[in-house]
Amino acid sequence: MTDATATDPAQIALLTADWRRRTYELYDTVRAAAEVGDPGAAHAYWVFARNQLLAQHPVSPILPEARDVFAGVPVAAYDPAWRFEVELEPAAEPVRWDVETGTDGVVPFVLLGRASLPEIGALDVWKLASYGGGLFVPIKDRLAGRPGGTYGGGRYLVDTVKGAWLGGEGTTIVLDLNFAYNPSCAYDPAWACPLATAGNTLPVEVPVGERMPEDVH
């Protein structure tokens with residue numbers, strides 16, 4: 001799950017922290033651009049910066065043997081029709097979701113609420129129930145697993161632990177599906193990722209956001 005030059009555990013930990021720092025900075029820039037009314041420019045920068053990280057960073061999930069031919073992740077042009085800022089509807093009852101991972105043990109989530117996207121469907125919003133907390137919204141659509149489509153296990157839309165957060169105010173949350181991105185396990189099977197549940201599966205095709213490149217396996 002790392003570049004061949006990064007094998008020492010301490011080095012990997014420091015490089016992973018650097019990856020997260022860069023991701024936080026990326027989303028800071030994206031939110032600033034969106035706040036001045038230019039989400040298209042924010043999205044273009046996000047695509048550029050994501051591809052740079054995937055292609056060049058030592059702990060990129062792109063396998064070392066695939067990096068020489070990696071030409072970037074296919075992403076459709078920004079479409080404002082897929083951006084939503086909606087109320088978070090509180091969960092009617094507590095639901096716990098325990099995710100087994102190879103590196104972090106059992107990662108617990110609790111259902112925080114549900115966000116309804118007009119004419120699209122609804123998505124569960126999860127809260128990390130361990131140190132530091134955090135919001136998590138995976139997403140799976142009808143293109144999942146299809147040739148030229150989206151990753152079969154679904155994509156991530158919000159993961160605040162890693163800095164992926166597009167904003168919100170009060171009890172609202174911004175869910176801009178143009179920023180749906182592939183989890184690390186889409187590229188490297190050494191990663192164990194929380195994948196979209198039934199409550200995070202939409203009954204429609206979502207043609208925006210990252211798709212699966214053909215040159216990473």
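## Salt bridges

A salt bridge is counted when a side-chain nitrogen of Lys or Arg lies within 4 Å of a carboxyl oxygen of Asp or Glu. By this rule the count comes to 10 salt bridges in this predicted model. Side chains of opposite charge can pair when their charged atoms come close.

Two of the salt bridges can be followed along helix α1, which spans residues 9-35. In one of them, the side chains of D18 and R22 meet with 2.7 Å from N to O. D18 and R22 are 4 residues apart in α1, so about one helical turn separates them. R22 is partly exposed, because its relative accessibility of 38% falls between the 20% limit for buried and the 50% limit for exposed. D18 and R22 also belong to a network of salt bridges that links them with R21 and E25.

The other pair in α1 is D28 and R31, whose closest N and O atoms are 2.4 Å apart. Here the two residues are 3 positions apart in the helix, which again means a separation of about one helical turn. How exposed or buried is each partner of this pair? D28 has a relative accessible area of 41% and is therefore partly exposed. R31, at 19% relative accessibility, counts as buried, because buried means under 20%.

A further salt bridge joins K162 to D159, with 3.1 Å between the closest N and O atoms. K162 is partly exposed, with 34% relative accessibility. D159 has a relative accessibility of 6% and so counts as buried. D159 is the last residue of β6, a strand that covers residues 155-159.

## The loop after helix α1

Helix α1 (9-35) is followed by a loop and then by α2 (39-56), and G37 is found in that loop. Is G37 buried or exposed? G37 counts as exposed, because its relative accessibility is 59% and the limit for exposed is over 50%.

G37 can also be set against I12. In sequence, G37 and I12 are 25 residues apart. In space, their C-alpha atoms are 38 Å apart.

## Strand β3 and its partners

Strand β3 (105-117) pairs with several other strands. With β1, made up of residues 83-90, the pairing is antiparallel and runs over 3 bridges. In this pairing P90 stands opposite G113 of β3. With β2, made up of residues 96-101, β3 again pairs in the antiparallel sense, over 6 bridges. T101 has G105 in β3 as its bridge partner.

How many bridges join β3 to β4? There are 8 bridges, and the two strands are antiparallel. Among the residues that face each other across this pair, A115 stands opposite L123 in β4, and R114 stands opposite D124 in β4. In a regular strand the side chains alternate between the two faces of the sheet.

## Two hairpins around strand β4

β3 and β4 form a hairpin with 3 residues between the strands. E119 lies in the turn, in the loop between β3 (105-117) and β4 (121-128). E119 has a positive phi of about 65° although it is not a glycine. With 81% relative accessibility, E119 counts as exposed.

β4 itself is mostly covered, as 6 of its 8 residues are buried. On from β4 comes β5 (residues 135-139), and these two strands pair in the antiparallel sense over 2 bridges. K127 stands opposite L135 in β5. Which residue takes a positive phi in the hairpin of β4 and β5? G132 does, with a phi near 90°, in a hairpin that has 6 residues between the strands.

## A patch of negative charge

On the surface, E85, E87, E89 and E169 gather in a patch of negative charge. E169 is found in the loop between β6 (155-159) and β7 (172-176). Its relative accessible area is 64%, so E169 is exposed. Residues 83-90 make up strand β1, and the patch members E85, E87 and E89 fall within that range.

Methods
Residues are numbered from 1 along each chain as its sequence is written. This is a predicted model: local features need pLDDT of at least 70, side-chain atom pairs count only at pLDDT 80 or more; totals for chains, interfaces and linings use all residues. Side-chain values use heavy atoms; hydrogens and water are left out. Buried means under 20% relative accessible area, exposed over 50%, partly exposed in between (1.4 Å probe, protein chains only). Patches are made of residues with over 30% relative accessible area and no salt bridge: like charges are joined within 9 Å, nonpolar side chains (Val, Leu, Ile, Met, Phe, Trp, Tyr) within 5 Å. Accessible areas come from the Shrake-Rupley method with a 1.4 Å probe; for residues, only the protein chains shown count as cover. Lys and Arg count as positive and Asp and Glu as negative; His and the chain ends are not counted. The place of a charge is taken as NZ of Lys, CZ of Arg, CG of Asp or CD of Glu. Two strands pair if DSSP finds at least two bridges between them.
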